[in-house]
Amino acid sequence: MIGVDAGRGDRMALAVLTQYRMATTEQMHRVIAPSVRIEQTRRRLARLRAEGLVDRITLPQAGRLRVWFPTPYGVQLASEWPEMRGNRPSRTVSDPTAVRLKAGHTLTVTETALAFLEDARRHDDLCKPLDWIPEVHHPIGSGEAVIPDALLYYERGPADGDRGPMLRAFVEVDRATMGPERLAAKLPAYERLYRYVPTLPGRRPTLQEPALEEWRRRYPLFPRILFVLDGTGPAGVENRIRALRAGAGQLTPSRFLHDVPVLAAPLADLLHHGPSAPVWRPVHDPDQRVRWTGARVPGDVTH
């Protein structure tokens, strides 16, 4: 590909667009190159478009905002790179009509990613652009699955020369397009994922090889669950947090809520104070204000 710096910024730009599904010019600039002038990002995106790797649509209802997305060729190329971890998006990621219809939610998810990325940069934590992975499929049996808006990897800054703890979180971004009860219905699905043990044909668990929950194949600890609330005022936020609390109270008795922090916060608070500030409210005790990065159990140091 003539003119494409595949080893550096162009490669990262294409990888981010493929993984995030879409982003505005300003969002791309903040993700991949915040220390340079935005004109360089515009030129980079124009070059990738000329090579047939990315394309764009214009949203007239949003002040003629330009939204970038990968082409089928761009997805095919980026999906072959080891840093993409086999996370190939659906075929609709390159369809302009699908991009237009999904823009509101997906761009909000990208803005949420930026809140975490920029917060990590300020606090000397480690969270790279590709540590935000949208729509990771997690089966829970009977053909059903949990697909969070994003899976986040976040490493706390080092203390006394040691590496900080690696944190993981499932992130759900709610724009108030569904009722509070439907939002709360996500909790039973996560509880099912927490206890789901797949059945392997022809194999029975033994003392030497006991049956393990599916999530343990991917994570040393079950990720935190973070609900980011947008699209509503303070009263709407309170309604949604109350619904989440009620949903948590109806879960099957288990260690799920004991072992897994489930937190909620308005996107406005994340953008104003930063995600590492004590802006998160535990759904089981929403009168508290906590940090999502707060210590949980000793296993959080596992990488």
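**Exercise 1. The three-stranded sheet**

How many bridges join β2 to strand β3, and in which sense do the two run? Work out the sheet around them.

*Solution.* A word on the ground rules before we start. This is a predicted model, where local features need pLDDT of at least 70 and side-chain atom pairs count only at pLDDT 80 or more, while totals for chains, interfaces and linings use all residues. Residues are numbered from 1 along each chain as its sequence is written, and side-chain values use heavy atoms, with hydrogens and water left out.

Step 1: get the terms straight. Strands (E, at least two residues) and helices (H or I, at least four) are DSSP runs, numbered from the N terminus. Two strands pair if DSSP finds at least two bridges between them.

Step 2: count. β2 and strand β3 (residues 65–70) are joined by 6 bridges and run antiparallel. Going residue by residue, Leu59 stands opposite Leu65 in β3, and Thr58 is opposite Arg66 in β3.

Step 3: add β1. It pairs with β3 over 2 bridges, again in the antiparallel sense. Here Ala23 faces Trp68 in β3.

Step 4: put the order together. You get an open sheet of 3 strands, β1-β3-β2, with antiparallel pairing. β1 (23–24) and β2 (54–59) stand at the edges with a single partner strand each, so one side of each is left without a neighbour in the sheet.

**Exercise 2. The six-stranded sheet and β7**

Find the strand order of the other sheet, then follow β7 through it.

*Solution.* Step 1: the order is β4-β7-β8-β9-β10-β11, an open sheet of 6 strands with mixed pairing. Its edge strands are β4 (132–134) and β11 (281–282), each of which pairs on one side only.

Step 2: look at both neighbours of β7. On one hand, 3 bridges join β4 to strand β7 (residues 150–155), and the two run antiparallel. On the other, β7 and β8 pair over 6 bridges in the antiparallel sense. Leu152 shows up in both: it is the bridge partner of Trp132, and its own partner in β8 is Ala169.

Step 3: is β7 buried or exposed? Take buried as under 20% relative accessible area, exposed as over 50% and partly exposed as in between (1.4 Å probe, protein chains only). By that rule 6 of the 6 residues of β7 are buried, so the strand is largely enclosed by the rest of the structure. Both faces are covered, with Ala150, Leu152 and Tyr154 on one side and Leu151, Tyr153 and Glu155 on the other.

**Exercise 3. Rings around Phe170**

Classify the ring pairs that Phe170 makes with Tyr219 and Phe222.

*Solution.* Step 1: set the rule. Rings of Phe, Tyr and Trp (its six-membered ring) pair if their centres lie within 6.5 Å; planes under 30 degrees apart are stacked, over 60 edge-to-face, and the rest tilted. The count by this rule comes to 11 aromatic pairs.

Step 2: try Phe170 and Tyr219. Their ring centres are 5.9 Å apart and their planes at 80 degrees, so this pair is edge-to-face. Phe170 lies in strand β8 (residues 166–174) and Tyr219 in the loop between α7 (186–195) and β9 (224–229), so the pair ties together parts 49 residues apart in sequence. Both residues, Phe170 and Tyr219, are buried.

Step 3: try Phe170 and Phe222. With centres 5.6 Å apart and planes at 75 degrees, this pair is edge-to-face too. Phe222 sits in the loop between α7 and β9 while Phe170 is in β8, so the parts tied together are 52 residues apart in sequence. Phe222 counts as buried at 3% relative accessibility.

Step 4: widen the view. Ring pairs link Phe170, Tyr190, Tyr194, Trp215, Tyr219, Phe222 and Phe256 into a cluster.

**Exercise 4. A charge over a ring**

Where does Arg11 lie with respect to Trp81?

*Solution.* The test asks for NZ of Lys or CZ of Arg within 6 Å of the ring centre and within 35 degrees of the ring normal. Arg11 lies over the face of Trp81, at 4.4 Å from the ring centre.
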